[in-house]
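Q: I'm new to reading protein models, and I'd like a close look at the salt bridges in this one. Could you walk me through them slowly?

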Amino acid sequence: PQNADPLVAGGTAGRIEKEPITFKREDAETVKLQLSVTGMPGGFILNVQDVTELKKLEETAERRNRFTAMGEMAANIAHEIRNPLGSIELFASLVQKGLPDDSEQAQLVNHISSAVTSMNHIISNLLAYTKPRPVNPQKMDLQRLVAESAEFLELMAAKHEVTVAVQLEAERPLIRGDEEMLKQVVHNLFLNAVQAMPDGGELTIATRNKRMLCTM
């Protein structure tokens, strides 16, 4: 008949499933309910299912897939940027060879090399975030790492009118750690310190051994 319900048209069972609806319980917790209606000869069956956890899992999976896609895109962009940076660094070093060390032109080339190195560090951090590598702890001289990072920082700090004072006083500088990862950490700390002084200032970088007392 023309006015027959679509669930039971022709005397056969049918099913209608609605989109999940949000429902707030008496304890103020929000849940998602999936409603479905199944038609049978002579009546209907209403099924209500709590799909809150299922929807949370689906959202988590979708978010993870989105982050993975963003990570792959960021890695591709980082590689594309790194290629011309290598050319800039190469040509800057070739130009620098033909200049007196104390000339103004040599200082400008040094600034170019410093900026390229800084961008390479940023790209390395980006790649490490998108594709973390395992930690490789080895015995290393933390004081040497700090001194090298401070030397690199001086050119950039001078541009921001920040003077760098280095006080390496640790008698036992050997530690066990991942040198590349620690180098990135120290470099980022130094950059943050310089950027925190937009009007110039003095940055003191110091190492020393300090005995820690533990009381029970």
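A: Let's start with Glu 53, which counts as exposed because its relative accessibility is 55%, above the 50% cut-off. Keep in mind as you look that this is a predicted model. Glu 53 has a partner, Lys 56, and the two form a salt bridge whose closest N and O atoms are 3.9 Å apart. Find both residues in helix H1, which covers residues 52–97; they are three residues apart there, so about one helical turn separates them. Lys 56 itself has a relative accessibility of 44%, so it counts as partly exposed.

Now look at another pair in helix H1. Glu 58 forms a salt bridge with Lys 55, and here the closest N and O atoms are 3.3 Å apart. Glu 58 and Lys 55 are also three residues apart in helix H1, so they too are separated by about one helical turn. How open are these two side chains? Glu 58 is partly exposed, with a relative accessible area of 39%. Lys 55 is partly exposed as well, at 22% relative accessibility; the cut-off for buried is under 20%, so Lys 55 does not count as buried.

Moving along the helix, you come to Glu 62, which forms a salt bridge with Arg 66. The closest N and O atoms of Glu 62 and Arg 66 are 3.9 Å apart. Both residues lie in helix H1, and the spacing here is four residues, again about one turn of the helix. Arg 66 is partly exposed, with a relative accessibility of 41%.

Salt bridges can also link up into a group. Arg 144, Glu 148 and Glu 179 are linked in a network of salt bridges. A search of the whole structure finds six salt bridges, and the pairs in helix H1 described above are among them.

Before you finish, it helps to ask how confident the predictor is. The chain averages a pLDDT of 78, and 88% of the residues score at least 70. Among the elements of the chain, strand S5 (residues 138–141) has the highest mean pLDDT, 89, while strand S1 (residues 14–17) has the lowest, 73. Take more care at the start of the chain: pLDDT stays under 50 over residues 1–5, and also over residues 7–12. For residues 1–5 the model has one contact beyond four places in sequence, whereas for residues 7–12 there are 12 such contacts.

How values were computed. Residues numbered from 1 in each chain as written. Predicted model: local features only at pLDDT ≥ 70, side-chain atom pairs only at ≥ 80, totals over all residues. Heavy atoms only, no water. pLDDT = per-residue confidence, 0-100. Helix = DSSP H or I, 4+ residues; strand = E, 2+ residues; numbered from the N terminus. Contact = heavy atoms within 4.5 Å. Salt bridge = Lys/Arg side-chain N within 4 Å of Asp/Glu carboxyl O. Buried < 20%, exposed > 50% of the residue type's maximum accessible area, 1.4 Å probe, protein only.
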